[in-house]
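Please look over the sequence and the structure shown here before reading on. The paragraphs below move from the whole chain to two of its parts.

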Amino acid sequence: MALSEFITQHQEAILSECEAFAQTLLPAAASMDKAALRDHAAQVLAAIALDMKQPQTGRAQRAKSHGRGPAPSSDNPTAAALHGELRAAAGFDVNQTTAEFRSLRASVIRLWFESKPQLGRDEVFELVRFNEAMDQALAESILYFAAEAAHMRTLFLGVLSHELRTPLATIMASGQSLVLAQRLQRPVPEAADRVLRAGKRIESLLDDLLDFVRSGLGEGMRVAPVPLDLGKVCERVVGELQSVYPERAITLARSGDMACTCDEQRIAQALSNLVGNAVKYGRPDKPVEVTVVGVDEVELVISVANKGAVISAETRDSLFEPLVRGAGGDHFGVNLGLGLYIVKEIATAHGGSVAVDSSAEGGTAFRIRLPRHANEAEVSAFGGLKLN
Ligand SMILES: Nc1ncnc2c1ncn2[C@@H]1O[C@H](COP(=O)(O)OP(=O)(O)OP(=O)(O)O)[C@@H](O)[C@H]1O
Ligand SMILES: [Mg+2]
């Protein structure tokens, strides 16, 4: 059977192999369902089979083998081009995207050889055409992948500068009124408070951003655990956040043994990200409830709960990916979508985990589980994620 015909007839078997492979491309693939992983691979295959069936002049073949085949247009992108674009948007890196094409090529050739084709001149010629069509599809996919990644980078920088400008404007305005008040010799505790709050916001944005950039450089997150009282750490953080959000009720309850070994600064960073979210996305008339429980000899749990909009089951896992924002996010101004990613990395670097429950009755609760005695993490907790 001709290879192009074989591809058409065995599409299901080929796609199943590729899908199983794509699922191993963590962490981006973790938040994608089966249909999304399979999506354009089926169309890429069909387009390749069709291309192989078309007559081709020697000149066209030479052009294609030198990477000068027909270019996809932005009005009518090919399946491979769309595939690249979607993979970039889903957080795949360029290695993962090319690996998918490698897997597609290997699956086709392996399954075809297993069907024991009579290998003559025509079959070798078909194999060459198949490889040329695959290379063309890969080149298109990467072209669109790069364009989408560049777009996301620009968007990210735009959002970042917007986010930094807002608290900076507060600092400038409050600074001016402080100067004026000094001249008039009037006390101005409010302006000083505002400067402090805006400064804290910039500080926490920059902390998260630095961690994200470090993760892109492959440095990973390291923690330096020391023996401490987790209840006291949470008390300090809640106290600080209460002064940042004086209009909101933030409660703290503790129970059990609070002695543990962890990185105080990192735990404070994770807790303030969770409380910041609860304040931002929770109902303003209900308290944010922080609870710390020494569960047993091996585990402690910090939970941050709020009432408000439910986080849907489909989006729950992807919220922990970098630069991912929830559906309701836009109502609350512009944010980076890094907070929960950093929380997850901090929990993982301690040997713990983070999870979320959300329902209309119970509200939303994020829980960080920490081993009572974390070892100093030797390896990167970021899993080698690359900045696009
Ligand atoms: N307590 C919560 N209730 C409802 N939705 C939440 C809650 N916490 C987080 N989310 C959703 O999860 C998304 C991701 O949160 P994350 O903290 O990672 O990013 P962000 O708050 O959008 O931006 P950043 O934290 O970087 O400023 C948010 O956009 C929001 O939609
Ligand atoms: Mg956040």
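What follows is a walk through a predicted model, beginning with the protein as a whole and then turning to one helix and one strand residue.

The secondary structure of this protein amounts to 12 helices and seven strands, and of its 388 residues 30% count as buried. When the contacts with a separation of 6 or more are taken together, 76% of them are made by residues that stand 24 or more positions apart.

Helix α5 covers residues 79-89 and is mostly covered, since eight of its 11 residues are buried. The buried positions in α5 include the alanines Ala79, Ala80, Ala81 and Ala88, and they also include Gly84 together with His83, Glu85 and Arg87. After the helix comes Gly91, a residue whose phi is positive, with a value near 95°.

A second place to examine is Thr251, which belongs to strand β2, a strand made up of residues 250-255. Is Thr251 buried or exposed? Thr251 counts as exposed because it has 12 C-beta neighbours inside 10 Å, and a residue with 12 or fewer such neighbours falls into that class.

Exposed as Thr251 is, it still has contacts beyond its neighbours within four places in sequence, namely with Pro287, Glu289 and Val290. For one of these partners the separation can be stated in two ways: Thr251 and Val290 are 39 residues apart in sequence, while in space their C-alpha atoms are 5.9 Å apart.

Technical notes:
Residues are numbered from 1 along each chain as its sequence is written. Chains are lettered from A and ligands numbered from 1 in the order in which they are written. This is a predicted model: local features need pLDDT of at least 70, side-chain atom pairs count only at pLDDT 80 or more; totals for chains, interfaces and linings use all residues. Helices (H or I, at least four residues) and strands (E, at least two) are DSSP runs, numbered from the N terminus. A residue is buried if 20 or more other C-beta atoms lie within 10 Å of its own, exposed if 12 or fewer, and partly exposed in between; C-beta atoms are placed from the backbone. Two residues are in contact if their C-beta atoms, placed from the backbone, lie within 7 Å.
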